[in-house]
Amino acid sequence: MYSLRAYGSMIADRIRVDAYAEALRRTVRQESIVAEIGTGPGVFAVLACQLGAERVFAIEPAEIIQLAREVAAANGCAGRIEFFEGLSNRVTLPARADVILSDLRGILPLFERHIPAIADARRRFLAPGGTMIPRRDTLWAAIVEAPKPYCEVVDPWDQNPFGQNLSPARQLAVNNVQKVRVSPAQLLTGHKLWATLDYATIQNPDVRGNLEWTVERAGTGHGIVVWFDADLAEDVGFSNAPGAPETIYGSFFFPWTQPVPLTQGQTVCVNLAAKLVENEYLWRWTTRIEPPSGSSTSPVDFDQSQFAGAVLSAAQLRKIAADYIPELSDEGILRRRTFELMDGKLSLEGIACRLAAEFPQRFSSTEEALSYAGVVSQEYSR
Ligand SMILES: C[S@@+](CC[C@H](N)C(=O)[O-])C[C@H]1O[C@@H](n2cnc3c(N)ncnc32)[C@H](O)[C@@H]1O
């Protein structure tokens, strides 16, 4: 869920917004039907109207849709924009769209359920011969010398003022990814293509690929940096490459377990994999750094993943094993009872009174039960 401020930063990113606006300008015709997946405050839906679209479908599950309605009305577009409150995969549109516009990316396009949502929208919403905006995202990777972000990851665990050994925490820390901005001068290799996400055909949200670089400049390698270039329409797009003007996106930094001194000509191989698990991507990066030619030292190998970076207790891990037989906890029993009471007959106040009476250990007052029931209602009621 984004804050209003976060939506403001998205709209203030002129590189992104201007590119999307240009893509719309080139695509929308007088008779066009446009669908926006994730309209946020509705700026692109209104723009599609201003460009003459006959009908615009604006889909958004978050509360911001109320603001989008007001923005549409304030711009005289209320009659031509139809709002659909919910996730696109749960929405049925009254007609197919000639243009589907979206920006469901995070720092990278591999973010939450972006790819399944696009594949579903293309299949159910797009008219034959229709246009997807964006058309394609291309992901690039390079080896980077990045002492500052690397130190931010490891220093809290390496530089302990009490002389404590915090290596278990360090081991978790280097198995996590973070947003960075690096300059071209920090790259020790050229950039290699990791993946192309073609929104006209994409189905599988998981991406895996091998990368191989030859070190071009001697330095200390701290890990891998990944960014993307966006292709929105013919000759319209933007880049997030190191050195390109700053956007809201950026790059992901995959730190290595240890910094590695690299000399020119050395080979670095990485298998980089992103797997969508429920709503989140789980990243794995496996690195082999070959010794410099003529050296008798062994290659350096790192096998890292966000799975190894998660603070998961043995008990939590047991709960996701396929042979585990789950049983409801006290909190689960409360949630089930709340669902039962949400039968379309009782008011929230009525539900809260029953919950307070039936779960006196959990709720010290009906008001407390009412807040609880309200949260459940917001998420699960029609
Ligand atoms: C990054 S914001 C973009 C907002 C606006 N389209 C823009 O470009 O400024 C993404 C929006 O998509 C919404 N969203 C995410 N997944 C969605 C889905 N499957 N269907 C509809 N909206 C979705 C989010 O709630 C969020 O408001």
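**Arginine 26 and its helix**

Okay, let's start with arginine 26, which sits in helix H2. Keep in mind that this is a predicted model.

So, is arginine 26 buried or exposed? Neither, quite: its relative accessible area is 40%, so it counts as partly exposed. What does its side chain touch? One polar contact goes to the side chain of glutamate 22, at 2.9 Å. Another polar atom pair involves glutamate 234, whose backbone oxygen lies 2.8 Å from a polar atom of the arginine 26 side chain. If you skip the neighbours within four places in sequence, arginine 26 is in contact with Glu234, Asp235 and Val236.

Now the helix itself. H2 covers residues 14-27, which makes 14 residues. From first C-alpha to last it reaches 19 Å, close to the 20 Å expected at 1.5 Å a residue. At the N-terminal end, aspartate 13 acts as a cap, with a side-chain oxygen 3.2 Å from the backbone nitrogen of isoleucine 15.

Which residues of H2 are buried? They are Arg16, Val17, Ala19, Tyr20, Ala21, Ala23, Leu24 and Thr27. And what do these buried residues pack against? Two helices, H1 (4-12) and H3 (43-50), plus strands E4 (97-102), E5 (126-133), E10 (219-233) and E11 (236-239).

Last stop, elsewhere on the chain. There's a nonpolar surface patch of about 500 Å², made by Val277, Leu282, Phe307, Leu312, Leu317 and Ile320. Of these, valine 277 belongs to strand E13, residues 267-277, and at 41% relative accessibility valine 277 counts as partly exposed.

Note on methods:
Residues are numbered from 1 along each chain as its sequence is written. This is a predicted model: local features need pLDDT of at least 70, side-chain atom pairs count only at pLDDT 80 or more; totals for chains, interfaces and linings use all residues. Side-chain values use heavy atoms; hydrogens and water are left out. Helices (H or I, at least four residues) and strands (E, at least two) are DSSP runs, numbered from the N terminus. The expected span of a helix is 1.5 Å times one less than its number of residues. Buried means under 20% relative accessible area, exposed over 50%, partly exposed in between (1.4 Å probe, protein chains only). Contact means heavy atoms within 4.5 Å. A polar contact is a pair of N or O atoms within 3.5 Å; within protein, one must be able to donate a hydrogen and the other to accept it, and residues adjacent in sequence count only if both atoms are side-chain atoms. Patches are made of residues with over 30% relative accessible area and no salt bridge: like charges are joined within 9 Å, nonpolar side chains (Val, Leu, Ile, Met, Phe, Trp, Tyr) within 5 Å. Accessible areas come from the Shrake-Rupley method with a 1.4 Å probe; for residues, only the protein chains shown count as cover. A salt bridge is a side-chain nitrogen of Lys or Arg within 4 Å of a carboxyl oxygen of Asp or Glu.
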